[in-house]
Amino acid sequence: MKRNKLFQKKPLSSLLIKPAGPDCSLACGYCFYGSRAALFPETRIHRMNPEILEETIRQALEGAGEVINIGWQGGEPTLAGLDFFRKAVDLEARYASGKTVLNGLQTNGLVLDREWALFLKESGFLVGLSLDGPEHVHDRYRKDAAGRGTWAEAAGKVRLLLDEGVAVNALTVVNDYSVRFAREIYEFHRSLGLRHMQFIPCVETDPADRGRAAPYSAPAEEFGAFLMTVFDRWFSALGTAEQTYVRFFDSLFFSYVDAEPPECSLLQTCGDYLVVEHNGDVFSCDFFVEEEWKLGNVRTGRLVHMQNSARQRTFGARKAILPPECRACRWVRRCRGGCPKDRLRDPRDGGRDHFCRSYRMLFEYADKRLKKLAGDWKQGAIP
């Protein structure tokens with residue numbers, strides 16, 4: 001009885017499911033997940049079968065609190081097919097028992113058509129569409145297997161989804177090239193009707209030289225300038241008809257009003273969600289799908305137990321282990337050391353987040369305005 005009670009202390013609040021594993025219909029130059037196929041050598045094509053899907057959904061709903069967020073990601077999750085997602089929604093309804101399921105789909109958009117759009121709208125999916133900006137930016141790295149750019153298709157799918165009333169976020173990877181075009185990217189997204197944006201800084205270790213970051217990684221100082229430029233536009237549009245929602249800034253604001261930020265990179269610890277691969281294997285985090293952080297499999301274990309396991313607690317606690325320079329930094333309560341995966345990509349950073357300088361630049365630039373905004377919010381001057 002005590003053991004079961006212990007496991008129930010932390011219900012499942014978020015799950016990331018990869019129905020097509022690392023498989024993708026693109027060959028992006030900065031992709032980090034395609035190499036994960038080496039973990040699953042049994043088959044060349046990776047797809048979640050109906051039994052694993054049902055077991056995952058059943059366990060997720062049994063172990064959830066009143067609300068659970070389920071993200072469908074990849075690779076490219078739509079490779080699993082529309083019927084797969086219809087089945088997933090049916091299973092959620094079957095096992096919900098009054099609980100609320102919030103679905104999100106991260107996709108390159110290539111296979112989406114009106115039938116997909118109608119389903120996504122009717123099922124209440126939030127769609128994160130990978131779109132790096134205008135054509136010259138997007139096509140720099142986001143190419144298909146034949147080396148052709150994919151901008152026209154991706155941009156066209158934005159209009160399709162918006163026309164059908166689907167909630168859409170722009171997911172934008174900021175790399176060594178796109179980091180130069182902050183204003184152009186932001187205004188491009190707005191011109192398409194996108195008001196929700198997420199800018200994901202790219203950094204990976206160079207496979208040819210493990211002592212430095214990969215050439216396509218965004219340089220820290222340039223990314224800091226990128227953030228400052230976008231911040232000005234985000235801030236100036238607040239409370240107007242042109243208001244936008246930039247995930248990092250919206251999350252950062254939570255810390256200014258003494259609330260817990262929704263973005264995990266800004267939390268003191270991590271490990272609040274699980275990743276379920278196509279074969280049922282469960283991992284601690286999307287960026288750490290590797291043997292060291294494999295927690296089990298849904299066929300032989302329970303998700304809620306894995307969420308509360310000693311290994312997952314160890315994984316989450318690592319985030320708070322910071323070098324002395326970070327612990328002494330005046331901004332540590334804002335960034336919390338950043339995402340652990342960004343501390344590992346360039347050994348020259350000495351265990352600090354590769355984007356440490358970026359965030360310090362932003363905080364020094366934006367702090368007074370965010371404090372004033374937080375004060376107005378606390379006094380009820382803004383909704």
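The exercises below work through the sheet, the nonpolar cores and the empty spaces of a predicted model.

**Exercise 1. Establish the strand order of the open sheet, and state which strands are its edges.**

Solution. The open sheet has ten strands with mixed pairing, and the order across it reads E7-E6-E5-E4-E3-E2-E1-E8-E9-E10. The next step is to look at the two ends of that order: strand E7 (245-246) and strand E10 (294-297) each pair on one side only, and they are the edge strands.

**Exercise 2. Describe how E1 pairs with E2 and how E5 pairs with E6, giving a pair of opposed residues for each.**

Solution. Begin with strand E1 (residues 12-17) and strand E2 (residues 64-72), which pair in the parallel sense over five bridges; here leucine 16 stands opposite glycine 71 in E2. Turn then to strand E5 (residues 167-174), which is joined to E6 by five bridges, the two running parallel, and where threonine 172 has phenylalanine 199 in E6 as its bridge partner.

**Exercise 3. Assign the residues of strand E6 to its covered and uncovered faces.**

Solution. In a regular strand, side chains alternate between the two faces of the sheet. For strand E6 (residues 196-201), Met197, Phe199 and Pro201 make up the covered face, whereas His196, Gln198 and Ile200 belong to the uncovered one. Phe199, on the covered face, is also the residue that threonine 172 meets as its bridge partner.

**Exercise 4. Characterise the largest nonpolar core and the second core.**

Solution. The largest nonpolar core holds 47 residues, and Trp72, Leu120 and Leu303 have the most contacts inside it. Helix H3 (residues 82-95) gives the most to this core, contributing six residues. A second core, separate from it, has 37 residues, among them Val179, Ala213, Phe253 and Trp331. Returning to leucine 120, and leaving aside neighbours within four places in sequence, one finds it in contact with Leu105, Leu112, Phe125, Val127, Leu161 and Val166.

**Exercise 5. Set the lining of the largest cavity beside that of the second largest pocket.**

Solution. A search of the whole structure yields one cavity of 30 Å³ or more, and the volume of the largest cavity is about 30 Å³. The cavity is lined by Phe248, Ser265, Leu266, Cys335, Gly338, Cys339 and Tyr359, which by class are five nonpolar, two polar and no charged residues. The second largest pocket, with a volume of about 190 Å³, is lined by Cys31, Phe32, Ser35, Arg36, Glu204, Thr205, Pro207, Arg210, Tyr216 and Arg345. The lining of this pocket divides into four nonpolar, two polar and four charged residues.

Notes
Residues are numbered from 1 along each chain as its sequence is written. This is a predicted model: local features need pLDDT of at least 70, side-chain atom pairs count only at pLDDT 80 or more; totals for chains, interfaces and linings use all residues. Side-chain values use heavy atoms; hydrogens and water are left out. On a 1 Å grid over the protein atoms alone, a cavity is a set of points where a 1.4 Å probe fits but cannot get out, and a pocket is an open set with protein on both sides within 12 Å along at least five of seven lines; lining residues have an atom within 4 Å of a point. Grid points are joined across faces, edges and corners, and a volume is the space filled by probe spheres set on the points. Ala, Val, Leu, Ile, Met, Phe, Trp, Tyr, Cys and Pro count as nonpolar, Asp, Glu, Lys and Arg as charged, and the others, Gly among them, as polar. Two strands pair if DSSP finds at least two bridges between them. Helices (H or I, at least four residues) and strands (E, at least two) are DSSP runs, numbered from the N terminus. A nonpolar core is a set of buried Ala, Val, Leu, Ile, Met, Phe, Trp, Tyr and Cys residues joined through side-chain atoms within 4.5 Å. Buried means under 20% relative accessible area, exposed over 50%, partly exposed in between (1.4 Å probe, protein chains only). Contact means heavy atoms within 4.5 Å.
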